[in-house]
Amino acid sequence: MNSDSHAANIIKKLDIWQKHEDSKTLESQFVQDIDKVKLLFQILEYEKRGEGKVNLSEFIYVATTVFMPEIKAWVEEILQERKVSWARKELVHGESQEESDAPSDMKKMQDEYYDG
């Protein structure tokens, strides 16, 4: 492989990566949404394993950044399952679920990160 084709290959890959990061294509939105669904499943699993002693509410904000309506429906199901799971347990430090959501300064930082 000569250096010109190698450089062109790198530029092509960087262009694909940038499209993913910018969420300008349907494919990139799908991939990013699936990453968020994976995070939400991990949160649910860790909290269930924590038996009411692990509350990862500060990460639930990612659910509000999902692009695609089809994926939003999945997210709602995950969030509902989380709600049911927490209803069965006493929350960390006796908080209600609403009280345990991310503090406003955390929400501000998350907004800045995701809205970029």
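**Exercise 1. Work out which secondary structure elements the protein chain has, and in what order.**

Solution. The protein chain has four helices and zero strands, where helices (H or I, at least four residues) and strands (E, at least two) are DSSP runs numbered from the N terminus. Reading from the N terminus, the order is α-α-α-α. Keep in mind that this is a predicted model, in which local features need pLDDT of at least 70, side-chain atom pairs count only at pLDDT 80 or more, and totals for chains, interfaces and linings use all residues. Residues are numbered from 1 along each chain as its sequence is written, and side-chain values use heavy atoms, leaving out hydrogens and water.

**Exercise 2. Check whether the span of α2 agrees or disagrees with its number of residues.**

Solution. Start with the rule: the expected span is 1.5 Å times one less than the number of residues. With 24 residues, α2 should span 34 Å. Now look at the model: the end C-alpha atoms of α2 are 35 Å apart, so the two values agree. Just after α2, E51 has a positive phi of about 50 degrees.

**Exercise 3. Find the buried residues of α2 and name helices that cover them.**

Solution. Buried means under 20% relative accessible area (1.4 Å probe, protein chains only). In α2, the buried residues are S28, Q32, D33, K36, V37, L40, I43, L44 and E47. Their cover includes α1 and α3 (69–87), with contact meaning heavy atoms within 4.5 Å. Finally, step back to the whole protein chain: 29% of its 116 residues count as buried.

Notes. Buried means under 20% relative accessible area, exposed over 50%, partly exposed in between (1.4 Å probe, protein chains only).
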